[in-house]
Amino acid sequence: MGDVLSTHLDDARRQLISEKTGKILTEFLQFYEDQYGVALFNSMRHEIEGTGLPQAQLLWRKVPLDERIIFSGNLFQYQEDSKKWRNRFSLVPHNYGLVLYDNKVAYERQVPPRAVINSAGYKILTSVDQYLELVGNSLPGTTAKSGSTPILKCPTQFPLILWHPYARHYYFCMMTEAEQDKWQAVLQDCIRHCNNGIPEDSKVEGPAFTDAIRMYRQSKELYGTWEMLCGNEVQILSNLVMEELGPELKAELAPRLKGKPQERQRQWIQISDAVYRMVYEQAKARFEEVLAKVQQARPAMKAVIRTDMDQIITSKEHLASKIRAFILPKAEVCVRNHVQPYIPSILEALMVPTSQGFTEVRDVFFKEVTDMNLNVINEGGIDKLGEYMEKLSRLAFHPLKMHSCYEKMESLRLDGLQQRFDVSSTSVFKQRAQIHMREQMDNAVYTFETLLHQELGKGPTKEELCKSIQRVLERVLKKYDYDSSSVRKRFFREALLQISIPFLLRKLAPTCKSELPRFQELIFEDFARFILVENTYEEVVLQTVMKDILQAVKEAAVQRKHNLYRDSMVMHNSDPNLHLLAEGAPIDWSEEYSNSGGGGSPSPSPPEAATLLEKRRRAKQVVSVVQDEEAGMPFEAGPESPSPASPDSVTEIRGLLAQGLRAESPPLASPLPNGAPARESPQPEAAPEASSPPDSPLQHLSPGKAVDFGPPKPSDQETGEQVSSPSSHPALHTTTEDSAGVQTEF
């Protein structure tokens, strides 16, 4: 490897790459500085004016489930230096960085890991043929002849390959198809989480960065979605540089590579990875420098905005009116002829798999709570509640149980529309919908936890506990139905805008873009950091198509098959004190309710109690969430369920529970499980369209003023792969925090 890099990446070429990278970064970072002032103004204006989004009914978890191992297990990894397959102990912590150790003993002794992989931008391939095709396409003219030795041989029929267009690749294999499916779900969860690397609670830096990326690419005549908008800011910036630098480098170096086709492919992968690392380090230093610069100027900008907010708004509205008068006739014709006819078909293509996915989330939540209720009854009441609630609290982060929800989005197709609207891939919409599913599942679980914890304060008996769990489940399902409808409608609107706006900008560019500089004189110099002509122009274009998109989504909500609430349906103060419950400390089910009623068991002495606490804390970190569940619960509904321990009382309770489930809490899909048609609750003095979806009748809806949708969900800063020196022995959480986004394995 060293010979390849020293031959093709000598000092002169490295210097040339550094200069080209610096030029691209300088150009982009100017866009970023410009967008930072606009994003700051928009954020402060939003704080003052607010929005009319519906109020979320479900609670959200303010303290994330940190210090949890999402998954752990063994797999085989291919070592490129020795060209051998090695068994590795692998685990996925709460930040979804895949950590590889020599074995489990090395992990337990806190030996530094072999690698910590940030999977942002990667794709999972499940066959060597898929991989060879991608590698062959990445370097034209290197297709191996039939019968020749491929670049990679897998010892089993069940490989999993992590492929990246610029960074190094990772090769794994499993012994069985079941293991392959399990690890594929886990790694796909890692990719989904790491791709969403810009914190959603970043109201200034995040929007400024994504808008700068869009503006920079549009300045290069690149419109439409971008598949490599993946990871944290530095990773995305590295992808942006490589998008421009990669083809130039490939054209220059590909003819100089020597050897057989597969050997040239291997050399190019090594060269591309080395260049990507160089670009990453340079981008990281430059971005941090500019970020510190704009953050230092932020207090002064905020002071100006607070003082002159009204004048800035007036100036921007005046500019918008002038631009609107100029482009409106052209934009309306373009929308009418090229966008409006296709909105219903795009919306339908989005709605079907998305609604199926959210329905599956509801069904999985319903099943897990119902199984837990039956298990609690048959396992001794509240004594087992803590154990099962501890597992339920992590349901949204269980890759295998959530897989049936996520896979519904895989059927999303925009056939015939992707080329027309320059949508390079549907993956951006799939992953966004899947992230919404995970958030809504966690919100439902957390709301259930909070309400049930309140009920437990009343000291219920076993029979009362069963009924309390059922009542709380029904309340949460109603809230979930409302929130999932609001989230889906917002997702549909955003997706339609993301598809149509770049298309309109590209269509209007030849006749409108060259005229924009003349509007610059309408902006006062003091406000030039907060008002940009290009941004205002895009807002005007957005307004021309927004009416059609809102109308299309509104009409879709009338169709009962999509299980959407109409805009006139507002759950107003359904639980006025619910959000106050979430202000308390997080519930520790394992500490509070596990073996709480042990019946005569002596309390452990203080030293023994400390030991038990330490063991329990360690178990949370070591035991895999998935492996906890693999054995299944002691009782799950099914033909092979074991008989309960005390049939007399439990059979009666189970019958009451099953009867209550059938009568009171139907699943989302229509018709209801008992065969009865879904009912709609009458609304006094409501508009004719004010009816609830057929799947979940609401009995306490009343019109009211919509308020803010609620605070953003907390998210981790994504980390990349970090190399640890053999002499250091950091704890697990230190190896995955604040590490670089490049991949290195030693």
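Student: In which loop is aspartate 422 found?

Tutor: Happy to help you place this residue in the predicted model. Aspartate 422 is found in the loop between α11 and α12 (427–456).

Student: Is aspartate 422 buried, partly exposed or exposed?

Tutor: Let's use the cut-offs: buried means under 20% relative accessible area, and exposed means over 50%. Aspartate 422 has 30% relative accessibility, so it counts as partly exposed.

Student: What is the phi of aspartate 422?

Tutor: This one is worth a look on your screen. Aspartate 422 is not a glycine, yet its phi is positive, at about 55°.

Student: Where does glutamine 110 lie, and what is its phi?

Tutor: Glutamine 110 lies in the loop between α3 (104–108) and β4 (115–117). It too is a residue other than glycine with a positive phi, a value near 60°.

Student: Which residues of α11 are buried?

Tutor: Helix α11 covers residues 399–406, and six of its eight residues are buried, so the rest of the structure largely encloses this helix. The buried ones are Pro399, Lys401, Met402, Ser404, Cys405 and Tyr406.

Student: Which helix gives the largest share of the largest nonpolar core?

Tutor: That core has 166 residues, and Phe28, Tyr32, Phe365 and Phe448 have the most contacts inside it. Its largest share, 26 residues, comes from residues 261–339, which form helix α8.

Student: Leaving aside neighbours within four places in sequence, what does phenylalanine 28 contact?

Tutor: Phenylalanine 28 is one of the residues with the most contacts inside the largest nonpolar core. With those sequence neighbours set aside, its partners are Phe209, Ala212, Ile213, Tyr216, Leu237 and Leu240.

Conventions. Residues are numbered from 1 along each chain as its sequence is written. This is a predicted model: local features need pLDDT of at least 70, side-chain atom pairs count only at pLDDT 80 or more; totals for chains, interfaces and linings use all residues. Side-chain values use heavy atoms; hydrogens and water are left out. A nonpolar core is a set of buried Ala, Val, Leu, Ile, Met, Phe, Trp, Tyr and Cys residues joined through side-chain atoms within 4.5 Å. Buried means under 20% relative accessible area, exposed over 50%, partly exposed in between (1.4 Å probe, protein chains only). Helices (H or I, at least four residues) and strands (E, at least two) are DSSP runs, numbered from the N terminus. Contact means heavy atoms within 4.5 Å.
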